Every structure is written in C-alpha cells, then in structure tokens.
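Here are some exercises to help you find your way around a new structure. Have a go at each task before reading the solution under it.

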Amino acid sequence: MNAVDNINADELILRALKEDITSEDVTTNAVMRGRVEGSVQLIAKADGVICGLGVFARTFTLLDATVRIDFKVKDGDRITKGQLLATVYGDIRVLLSGERVALNFLQRMSGIATYTAETVKLLEGSKTRLLDTRKTTPNMRIFEKYAVTCGGGCNHRYNLSDGVLLKDNHIGAAGSVKRAVELAKEYAPFVRKIEVEVENLDMCREAVEAGADVIMLDNMSVEDMKKAVAMIDGRALTECSGNVTRENIKNILSAGVDFVSSGALTHSAPILDLSMKNLKPDA
C-alpha cells in the first residue's frame, strides 16, 4: 500500500508544510508576484532505491491540486546517480514553496528503503526475514515503515495497539515471564500472538514452558542464540534483536532464527541524495 493512501498521511504532510510555511514563502513571493506555469526535474544524485513518490506528489497537490507529475520510476525501483526520476509541472510558486518538504519526505523514505535493501541482501540464502521496530521518527512512522517494505523488509507491529510484546519491564511489572504470559493470555484476544523478550537461556526456557508464540532473543551471543533455538525446537517462532546492523547481521544467521529485527533500518539510515533542478517557465 502506498503510504499516501493512509487517511493520516494528509494531516502529517500538512503539518510539515505548516512548519515550513508559517505565513508565506517570502522569498518566492518576492521574485514571483503572480502565477506562472513552469516545470522542474527530479534527479537522483546517488544510487539507491526510490520510495515515497506518492508522498512527494501529495505535498505539491495539497498546495495546488492542478500540479502534474510525470514519473519515470515507481516506488521500490533501483535508481542510479544522474537519472531523471520525474518532471513536475505547475505554478512555479508552488514548485518552489513545496520543494524542500517534498524532498525531505522522499529523501528520508528512499534512504530507509535503500538501507533496508542492502540489509536484506545480506540475508539471501537463509530462512531469516528482516523486521523493523518502533524506533521511528515521531510522526513519521507511517512513512518510515512503508519505506522498509519498499526495501524488501517486513513490518513488526505498527504500534502498541497492534500486538503483545512482553519486554523486560513488562516482565518486571508482572513478576516473572510465566506470570506475564499468563496475564497476557487472559487479557488479549486469542487471535493475538504473544511475544516475549528474553535475555538469557533461563528466561527462554520459562517462555517456552509458558507457551509464548514468539520468543525474542535480545542481545544474546550467537552461541547462546543457537542454544536457545535448539531449546525452543520449533515450539515458538524465534526473533533476534538488539543492536543489529548491516555490519554484524551475517554473524547472526548461523543461529537459525526465523526473524531478525533492526532499529537501525529507521533510526540510522542516511538519506538518499535527490534534487529538484532545471526549473524553467513555460515558453
């Protein structure tokens, strides 16, 4: 699903526009006193995976519904430095005023998609699937999680209403892994899977015996993860988490976990450099 199709997307894009244009774009209004039709090109300045074209377009059409965009690529496509990605047509004042916000969304989302694609490539040949986390930029989660999927990754739960994940502090509040799982099973609908975060083999054993559906092996050594996977023996799905990056993810594969989750996908991905160039009025 394109992120712009979500009912919350317009509100978030408008907030970004209001942040950038509190009353007027004084620079643009100084040099453009009236409507003049024109065009500007969207050009890649680096290789990567493009993502967020719908959000890019919506930024302009929220300013002026008559803006038109001729896209040469689609979300998820690999792009190369210097490639023409789109041409935007409309009132030059709108093209100038919307440029930075539109690019901010597109560069951020494309950066995440690119970083995710590079990480997914490291998992090729294994059964392990890549997940994101809730470590997202405030008010950007809808866009950032969509970008992960464009890069070939999978979404973990979207928010706290989306699923049961018993982490260390929940377990501490309940008193034990066993008690936390019991309480979750009493409260949550039976269709909801219960995931438990464990930090050592004793906690892992307790989670298995309590009937957890998914067991997250958090910050455990590869050797301990191998022991945990053997202990679980298919009675629950397994997930590895904790400081997972592109640099260390290959070491994890030998543990044989079903999933690996990485906050780095959304909190550490650099932007993909893109630019709007060659603006000109219609002849």
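**Exercise 1.** Let's start with helix 4: work out which strands it lies across.

*Solution.* Keep in mind that this is a predicted model. Find residues 92-122, which make up helix 4. Now look at what the helix touches: it lies across strand 1, strand 5 and strand 12. Its direction is about 165° to strand 12.

**Exercise 2.** Work out in what order the strands of the antiparallel open sheet are arranged, and which of them stand at the edges.

*Solution.* Step one: read across the sheet, and you get four strands in the order 3-5-1-12, with antiparallel pairing. Step two: check the ends. Strand 3 (68-71) and strand 12 (274-281) each have a single partner strand, so one side of each has no neighbour in the sheet. Step three: look at the twist; neighbouring strands here are turned by 20° against each other on average, ignoring direction.

Step four: zoom in on one pair. Strand 3 and strand 5 (residues 84-91) run antiparallel and are joined by four bridges. Within that pair, Ile69 sits opposite Val88 of strand 5.

Finally, add another helix. Helix 3 (residues 53-63) lies across strand 1 (37-44), strand 3, strand 5 and strand 12, and runs at about 160° to strand 3.

**Exercise 3.** Do the same for the parallel open sheet: give its strand order and its edge strands.

*Solution.* Reading across, six strands come in the order 6-11-10-9-8-7, and their pairing is parallel. The edges are strand 6 (129-131) and strand 7 (164-166), each pairing on one side only. On average, neighbours in this sheet are turned by 25° against each other, direction ignored.

For a closer look, take strand 10 (residues 237-241) and strand 11 (residues 259-261): they run parallel, joined by two bridges. Glu239 has Phe259 in strand 11 as its bridge partner.

This sheet has helix company too: helix 8 (residues 201-210) lies across strand 8 (194-198) and strand 9 (214-218), at about 165° to strand 8.

**Exercise 4.** Explain why the sulfur of Cys150 isn't bonded to that of Cys51.

*Solution.* First, recall that a disulfide is a covalent bond between the sulfur atoms of two cysteines. Next, check the distance: the Cys150 sulfur has its closest cysteine sulfur in Cys51, 3.4 Å away, which is too far for a bond. The cut-off is within 2.5 Å. A search of the whole structure agrees, turning up zero disulfides.

Last, are these cysteines buried or exposed? Cys51 is buried, at 0% relative accessible area, and Cys150 is buried as well, at 17%.

Terms used: Residues numbered from 1 in each chain as written. Predicted model: local features only at pLDDT ≥ 70, side-chain atom pairs only at ≥ 80, totals over all residues. Heavy atoms only, no water. Pairing = 2+ DSSP bridges. Axes fitted to C-alpha atoms, helices over the stretch in contact; angles between N-to-C directions. Contact = heavy atoms within 4.5 Å. Buried < 20%, exposed > 50% of the residue type's maximum accessible area, 1.4 Å probe, protein only.
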